[in-house]
Amino acid sequence: MGHSGVPSGDDVRVGEEPGTEDRTSGRPRRSPGTTRAAEAAGPPDDARGPEPGAAPRAPEGAAPAPLRGLDASGGLVALRGLLDRPLASYYLLLSSAGLLLLIGLTMVFSATSVKDYAEDGNASASLTKQAIFAVIGIGAFWACQRLPASTYRSLGRPLLFTSVALLLLLNLLVAYGRLTRQRTVVFGPVEARLNWLFVGGIQVQPSELAKFALVLWGSHVIARKGAALGWWRELATPLFPVVGLLFVLVGYNDTGTMLCLLALVVGLLWAAGVRMRVFGALAAAGLAGIGLLVAVASLGAGSGERGEENYRFARLAMFFDPPDPETCKLDGCLQFYQGRLAIEHGGWFGVGLGKGSLKWDWLPEAHNDFIFAIISEELGVIGCAVVLALFAVLAYTGLRIARRVDDPFRRLAAAAVTTWLVSQAVINIGGVVGLLPITGLPLPFISDGGSALVVTLAAIGMLASFARAEPDAARALHARPPARWVRLLWAPLPPLPGRRRRPASSTAGRGSVPRSRERRQDDQAAPRGVRQGRAPGGTASERRR
């Protein structure tokens with residue numbers, strides 16, 4: 001019936017609809033009414049499958065999938081990868097210290113520009129002075145990061161003797177000034193004023209040098225004793241007498257710096273792994289010393305005057321029992337009240353850099369002890385959080401260096417410097433916000449002060465030297481060393497780990513003669529090749545049996 005127009009059984013099979021695939025040919029049949037052009041165009045987009053390599057489409061109405069690599073776990077993995085790099089400690093140290101220094105110069109200018117312009121007509125006078133000390137401090141950083149650990153060990157004792165001599169000179173001159181009722185004592189080219197010495201117009205604070213000297217000397221003494229620190233006598237001598245002398249020389253005029261020295265010693269002993277009973281004894285001695293220093297303020301110690309109110313006891317009383325600000329805001333708690341007012345005025349985002357009002361001679365020591373209050377007023381909570389985060393990064397980096405270095409001296413010195421800087425920042429910020437009593441300590445890197453900034457940057461340079469001496473960092477630097485001019489201008493290559501020469505044992509330890517030739521107790525030398533204590537018995541034939 002091929003001519004009748006009706007399809008035969010070969011054209012349409014039973015149970016098969018038009019447009020389905022022909023199993024014999026493997027090609028789909030065209031549906032009725034479908035042209036060859038439509039067939040060549042292919043199926044519509046909705047009917048097509050996903051392209052090779054393309055991501056599968058989400059069903060309609062479903063939430064979009066999170067971006068790959070931007071979730072919390074991916075971020076932590078990326079951060080861990082960055083921290084696992086060999087020179088991560090070095091770059092973290094440089095970035096945190098550099099940003100804190102930059103913030104410090106900016107805030108010193110903001111806190112002092114109004115007063116400097118009113119007094120001298122030069123708004124950048126304090127900034128210029130602080131910038132000069134910053135340049136000197138960067139030079140000290142550059143020099144200290146080039147020095148090996150052996151040089152720091154040898155510098156500890158001379159620096160300690162120098163700082164003790166300067167502190168003795170300062171205290172003698174200040175005591176003479178108290179007896180003669182002089183605020184400033186001039187002795188030849190030296191001028192003494194409470195905590196500072198002026199030598200030829202250069203201001204020096206001996207207590208800052210004493211911190212660095214105690215780090216170097218104390219680390220060297222403890223590292224040399226080694227396992228003998230388990231004995232109380234070995235731990236106490238000569239460390240505790242020298243520390244006690246420094247506490248007396250520094251704490252008589254500056255209780256805050258003495259607390260910083262105490263925290264430094266605690267960090268040093270903690271890194272050495274001493275027993276907890278030692279920390280208990282130190283805590284008891286520290287509390288007794290603080291009570292004594294508070295009491296002697298009535299006799300004229302520090303900024304006190306004989307016969308007047310004990311200002312140290314007044315600060316403690318104000319901390320434990322805060323008075324009503326309305327009753328004492330112009331008398332005993334002016335600095336405390338104005339600092340709180342600056343924090344309240346700043347809010348979350350601050351009033352703007354340079355737009356603070358309390359630095360117009362309302363807040364005492366706005367450029368030094370209470371510069372964190374100026375940060376709170378002008379930069380708000382966000383600016384304070386940035387400063388705290390940078391100090392947290394500095395603390396993490398210092399402890400990371402102390403954990404990774406293999407030299408005991410480097411480990412102790414890194415832990416001591418980190419404890420020193422972080423504890424000083426905590427004491428200063430805690431006093432400003434009211435969490436701790438006011439002590440008068442400057443904020444590291446940020447407060448106005450030349451000698452403190454130079455010594456702090458020198459300590460950071462020593463930490464940078466230790467960071468480059470980490471085993472992984474040293475191997476990485478030796479595997480791909482920088483150019484020769486970079487090593488000459490910036491820092492030399494650190495020593496590779498495991499290549500330190502072992503000291504030769506003494507002659508008495510080795511013996512004057514070989515062990516095989518040692519004298520017997522009966523003064524008869526042992527024959528060569530025969531072990532001592534074993535003598536051949538019998539004839540040769542008996543021994544062969």
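**Close-up views of a predicted model**

**View 1. Strands β2 and β3 pair side by side.** Strand β2 (residues 190-193) and strand β3 (residues 196-199) run antiparallel and are joined by 4 bridges. This is a predicted model, so please read each view with that in mind. To find one pair for yourself, start at Val 190 and look across to its bridge partner in β3, Val 199. The hairpin that links β2 and β3 has 2 residues between the strands, and here Leu 194 takes a positive phi near 60°.

**View 2. Strand β4 pairs with β3.** Here β3 meets strand β4 (residues 202-204), and the two pair in the antiparallel sense over 3 bridges. Look for Phe 198, which stands opposite Gln 203 in β4. The hairpin of β3 and β4 has 2 residues between the strands, with Gly 200 taking a positive phi near 60°.

**View 3. Strand β1 pairs with β2.** β1 and β2 run antiparallel, and 3 bridges join them. Two pairs are good landmarks: Val 185 stands opposite Ala 192 in β2, while Val 186 has Glu 191 of β2 as its bridge partner. Between β1 and β2 is a hairpin with 2 residues between the strands, and Gly 188 in this turn has a positive phi of about 65°. Which residues of β2 are on its covered face, and which on its uncovered one? Val 190 and Ala 192 form the covered face, whereas Glu 191 and Arg 193 belong to the uncovered face.

**View 4. The strands come together in an open sheet.** Now step back to see 4 strands in the order β1-β2-β3-β4, with antiparallel pairing. Why is one side of β1 (185-187) and one side of β4 left without a neighbour in the sheet? Both strands stand at the edges and each has a single partner strand, so there is no neighbour on the other side. From one strand to the next, the twist averages 25°.

**View 5. The largest nonpolar core gathers 107 residues.** Inside this core, the residues with the most contacts are Leu 269, Trp 420 and Ile 446. Helix α15 (residues 408-433) gives the largest share of the core, 13 residues. A second, separate core has 7 residues, among them Leu 173, Val 185, Ala 192 and Leu 197. In soluble globular proteins, nonpolar side chains tend to be buried together.

**View 6. Trp 420 and its contacts.** Setting aside its neighbours within four places in sequence, which residues does Trp 420 contact? They are Lys 211, Phe 212, Val 215, Cys 260, Leu 264, Val 455 and Ala 459.

**View 7. Helices α10 and α11 pack against each other.** Helix α10 (residues 276-296) and helix α11 (residues 311-320) meet at an angle of about 120°, and their axes are 7 Å apart. That angle makes α10 oblique to α11. On α10 the contact is made by Leu 293, Val 294 and Val 296, and on α11 by Arg 312, Phe 313 and Leu 316. Sorted by class, this contact has 5 nonpolar, no polar and 1 charged residues.

**View 8. Arg 315 and Pro 437 in space and in sequence.** Arg 315 lies in helix α11. Is Arg 315 buried or partly exposed? Its relative accessibility is 28%, so Arg 315 counts as partly exposed. Arg 315 and Pro 437 are 122 residues apart in sequence, and their C-alpha atoms are 6.3 Å apart in space. Leaving aside neighbours within four places in sequence, Arg 315 is in contact with Ile 438, Thr 439 and Gly 440.

Notes
Residues numbered from 1 in each chain as written. Predicted model: local features only at pLDDT ≥ 70, side-chain atom pairs only at ≥ 80, totals over all residues. Heavy atoms only, no water. Core = buried A, V, L, I, M, F, W, Y, C linked by side-chain atoms within 4.5 Å. Buried < 20%, exposed > 50% of the residue type's maximum accessible area, 1.4 Å probe, protein only. Contact = heavy atoms within 4.5 Å. Axes fitted to C-alpha atoms, helices over the stretch in contact; angles between N-to-C directions. Parallel < 35°, antiparallel > 145°, perpendicular 65-115°, else oblique. Nonpolar A, V, L, I, M, F, W, Y, C, P; charged D, E, K, R; others polar. Pairing = 2+ DSSP bridges.
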